[in-house]
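Subject: Structure handover and notes

Dear colleague,

I am passing on the structure below, together with some notes on what was found in it. Please read the notes with the structure open beside them.

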Amino acid sequence: MTVHTGWQGRFYEDFEVGDVYRHPLGRTINEADNTWFTLLTMNTHPAHFDQHYAAQTPFGKVLVNSGLTIAMLIGMSVTDVSQRAVANLALTDVQLTHPVFVGDTLYAESLCTGKRESASKPYAGLVEVHSRALNADGDECLSFDRTIMLYRRSAAADIDSFPEAKNGPLSLPEPGAAK
């Protein structure tokens, strides 16, 4: 029997400058997402939760909190970019280039723009990416640059967190055996 682990992300060695990662899951932002995030972060600007106020702005309707949009782009990129991160080191050049509204669906992609070995951490390297979020119409809504410290493959055993089952590994029952 072979045990296959689920996708656990890329290690430092897996990145090549110039590679593009199209992150697999899009996400539609609903009203509850925007309201809860706005309340959680104590953002009191009425453009994010007051439909009457928002209707009088140049946008004409409630805007999604830009902090939520940024957090979603980071989250959507984790699977491909930072699942094996030691730490995020920098988030720079944030550009909010198109408004995001409740009901918009966002998709994300990242370009590897640089990588280098860590001078102080032999188990890690640094990767730089440029990430962007697109709405379903293809409008770029947000972009930023990010620097991530990632584990090297040789450190994988040191960070494996899946526990061993006390009652042994999963296996198929013997033919004819009771379940």
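Serine 143 counts as buried because its relative accessibility is 5%, where buried means under 20% relative accessible area, exposed means over 50% and partly exposed lies in between, calculated with a 1.4 Å probe on protein chains only. This is a predicted model, in which local features need pLDDT of at least 70 and side-chain atom pairs count only at pLDDT 80 or more, while totals for chains, interfaces and linings use all residues. Residues are numbered from 1 along each chain as its sequence is written, and side-chain values use heavy atoms, with hydrogens and water left out.

Strand E6 is a convenient place to begin. Serine 143 lies in this strand, which spans residues 140-151; helices (H or I, at least four residues) and strands (E, at least two) are DSSP runs numbered from the N terminus. If residues up to four places away in sequence are not counted, serine 143 touches Asp93, Val94, Gln95, His130, Ser131 and Arg132, contact being defined as heavy atoms within 4.5 Å. Isoleucine 148 is also placed in strand E6, and with a relative accessible area of 0% it is buried. Beyond its neighbours within four places in sequence, isoleucine 148 is in contact with several residues, among them Val81, Ala85, Leu89, Leu126 and Val129. Its C-alpha atom is separated by 9.4 Å from that of lysine 115, although the two residues are 33 residues apart along the chain.

Turning to the interior, the largest nonpolar core has 15 residues, and those with the most contacts inside it are Ile29, Leu68, Leu73, Val100, Leu106 and Leu142; such a core is a set of buried Ala, Val, Leu, Ile, Met, Phe, Trp, Tyr and Cys residues joined through side-chain atoms within 4.5 Å. Two or more residues come to this core from each of helix H3 (66-82), strand E4 (105-117) and E6, and H3 gives the most, with five residues. A second, separate core has nine residues, including Tyr12, Tyr21, Val127 and Val129.

The structure also holds eight salt bridges, each being a side-chain nitrogen of Lys or Arg within 4 Å of a carboxyl oxygen of Asp or Glu. In one of them, glutamate 13 pairs with arginine 152, with the closest N and O atoms 3.5 Å apart. This pair links distant parts of the chain, since glutamate 13 is in the segment before strand E1 (20-22) and arginine 152 is in the loop between E6 and helix H4 (156-159), 139 residues apart. Glutamate 13 counts as partly exposed at 29% relative accessibility, whereas arginine 152, at 14%, counts as buried. Arginine 132 forms a salt bridge with glutamate 140, the closest N and O atoms being 3.2 Å apart. Arginine 132 is partly exposed at 31% relative accessibility, and glutamate 140 is partly exposed at 26%. Both belong to a network of salt bridges that links Arg22, Glu109, Arg132 and Glu140. Arginine 27 forms a salt bridge with aspartate 33, where the closest N and O atoms are 2.7 Å apart.

With best wishes
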